Amino acid sequence: MASFAFSAGVGRYISPSNAMVSVNCENRSEGFSLGEGIFARKRDPRYSVITKVATQAPTMVPSLEKELAIDRNHVAWTSVRQERWEGELAVQGEIPLWLSGTYLRNGPGLWHIENYNFRHLFDGYAMLVGLHFENGRLIAGHRQIQSEAYKAAKKNNKLCYREFSEVPKPDNFLAYVGELANLFSGVSLTDNANTGVVRLGDGRVVCLTETQKGSIVVDPDTLETLGKFQYSDSLGGLIHSAHPIVTDTEFLTLLPDLLKPGYLVVRMEPGSNERKVIGRVDCRGGPAPGWVHSFPVTEHYVVVPEMPLRYCAQNLLRAEPTPLYKFEWHPDSKGFMHVMCKASGKIVASVEVPLYVTFHFINAYEEKDEDGRVTAVIADCCEHNADTSILEKLKLQNLRSSMGEDVLPDARVGRFVIPLDGSPYGKLEAALDPEEHGKGMDMCSINPAYLGKKYRYAYACGAERPCNFPNTLTKIDLFDKKAKNWYEEGAVPSEPFFVARPGATEEDDGVVISMVSEKNGDGYALLLDGSTFEEIARAKFPYGLPYGLHGCWVPKK
Ligand SMILES: CC1=C[C@H](O/C=C(C)\C=C\C2=C(C)CCCC2(C)C)OC1=O
Ligand SMILES: CC(/C=C/C=O)=C\C=C\O
Ligand SMILES: [Fe+2]
């Protein structure tokens, strides 16, 4: 902790009470042509420091803004320019003394190179935010992840690798990476690890994205990039699930096979870099496997989703994004759920289910009869009503041009029931009335002690409408089928992350951590009580926070 808190950096930590923070992050006005944001020096009485802060983009009269359908950019969708910052935050409220460790959150923090603005939320270069909690104090910071893609863009002032939706101009990347063959071999694919971060059972912390080469080891104390996580096996392939299941004893993931449509289910032990195959699922429909951004497990099974939103090899090679990016919607190919026994690799169920679209599975568990026999697997996810338009809604232009219209497509907690008695069909229904959480639903977490087990609570982002993005934090009670919502006007909160109190016996005994980007350009870390879902503490950053994706908890050594 000390190395992080007090090391010299771009921003320096200096006591909140009497000194000066030579910070800071400059936010850049993007998304419309008025150019750079205006930067001001403002005195922040809470820190008693001089803080260089970024104001929002130049003000226009509201009617003109409306006419041009543009918004002064919300800080959530604004790049952080400075590579790193670190410092202690003043805390309002009380951080529980038991909360000792580091919350890490990964996400895209930089959405431009020079004057070129990226188009999609998922294109941004990875930025890691760290919140170090100890003795009721909070030391925070951020740092750009030094992927090859990021370093090359910085060095050459242009995009050099293929991102989620951005493709380098032929002269750029051919000049950069060499011959055309690289396009097919994956050499030109990004290693921009901007999606999640996990702590392996052996303590290594790895940032991840959809590309296997985008697995990057970081130091959780300093947020420094330590190097690539090299898989030492010869399983090959270019992509994997961005959300492996990681526990103290294993790392499980899915490797989609685009050539012979299917998925390899693989496992890696702590201390090892070698993934071993548990088994293989062959696809039941479609020309390619369904997108597997995430998947769930139960105590004994791995659930392999086969979504009708499928990878598309042609789209992978295209220079311009298609409406569904690297994917294609194949309703005729149907949707399936497969269940594989973790111990034997055998498939114990493979059922057709209603069409669905999900990024994130929440959890899964085994349903038993009175004799203790497993009759079904229940798998819950944030389900977008089989509507793929959510991908389009996450374009930066759409996120930045919110004019108060209610354009966020409806979503729900989708509950799959997968029978294990050989029936050919499974069910998919809403686990609770979606009105409970404003018909918005994504970015979920649970108490990790309940992974794969029957559970009651999930935390996620919901919606207070009208909105164009999930804007509430919601605690879902799956037994009572109720939700409790946290909302602050104009705020964009990131994934609520549950950390259990050591020794807790109740499922919701702990805190929920989120980072909030505010309407006025500021940002703060927020702690809610896991049980009451009331605020217990918040700590303001000296700069606005861009939106982030997924996090993990690293307990104090
Ligand atoms: C979040 C988030 C980030 C992310 O994607 C980033 C990339 C580079 C993904 C690329 C690809 C696919 C999504 C499909 C298959 C090909 C490939 C290019 C690797 O996705 C997210 O959801
Ligand atoms: C931010 C997001 C979806 C929001 C939908 O409402 C998905 C992120 C994927 O990692
Ligand atoms: Fe995700």
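Which residues coordinate the iron ion (ligand 3)? In this predicted model, the iron ion (ligand 3) is held by the NE2 atoms of four histidines, His-243, His-293, His-360 and His-550, at 2.1 Å. The notes below take up the placement of these donors along the chain, and then the largest pocket, which has a volume of about 1,300 Å³.

**Iron site**

- Along the sequence, the donor residues of the iron ion (ligand 3) follow the spacing H-x49-H-x66-H-x189-H.
- His-243 and His-293 link distant parts of the chain, being 50 residues apart, with His-243 in the loop between β13 (225-228) and β14 (245-246) and His-293 in the loop between β17 (275-282) and β18 (301-306).
- His-243 has a relative accessible area of 17% and therefore counts as buried, the cut-off for that class being under 20%.
- His-293, with a relative accessible area of 7%, is likewise classed as buried.

**Largest pocket**

- The largest pocket, with its volume of about 1,300 Å³, is lined by 44 residues, of which Val-246, Ile-446, Pro-448, Phe-497 and Gly-551 are the closest to its centre.
- Two or more lining residues are contributed by each of β10 (196-199), β14, β23 (358-368), β27 (442-445), β32 (497-500) and β36 (551-555).
- Among the contributing elements, β23 provides the largest share of the lining, namely five residues.

**Character of the lining**

- By residue class, the lining of the largest pocket comprises 29 nonpolar, 11 polar and four charged residues.

Key: Residues numbered from 1 in each chain as written. Chains lettered and ligands numbered in written order. Predicted model: local features only at pLDDT ≥ 70, side-chain atom pairs only at ≥ 80, totals over all residues. Heavy atoms only, no water. Donors = N, O, S within 2.8 Å, 3.2 Å for Na, K, Ca; no water. Helix = DSSP H or I, 4+ residues; strand = E, 2+ residues; numbered from the N terminus. Buried < 20%, exposed > 50% of the residue type's maximum accessible area, 1.4 Å probe, protein only. 1 Å grid on protein atoms, 1.4 Å probe; cavity = no way out; pocket = protein on both sides within 12 Å on 5 of 7 lines; lining within 4 Å. Points joined across faces, edges and corners; volume = space filled by probe spheres on them. Nonpolar A, V, L, I, M, F, W, Y, C, P; charged D, E, K, R; others polar.
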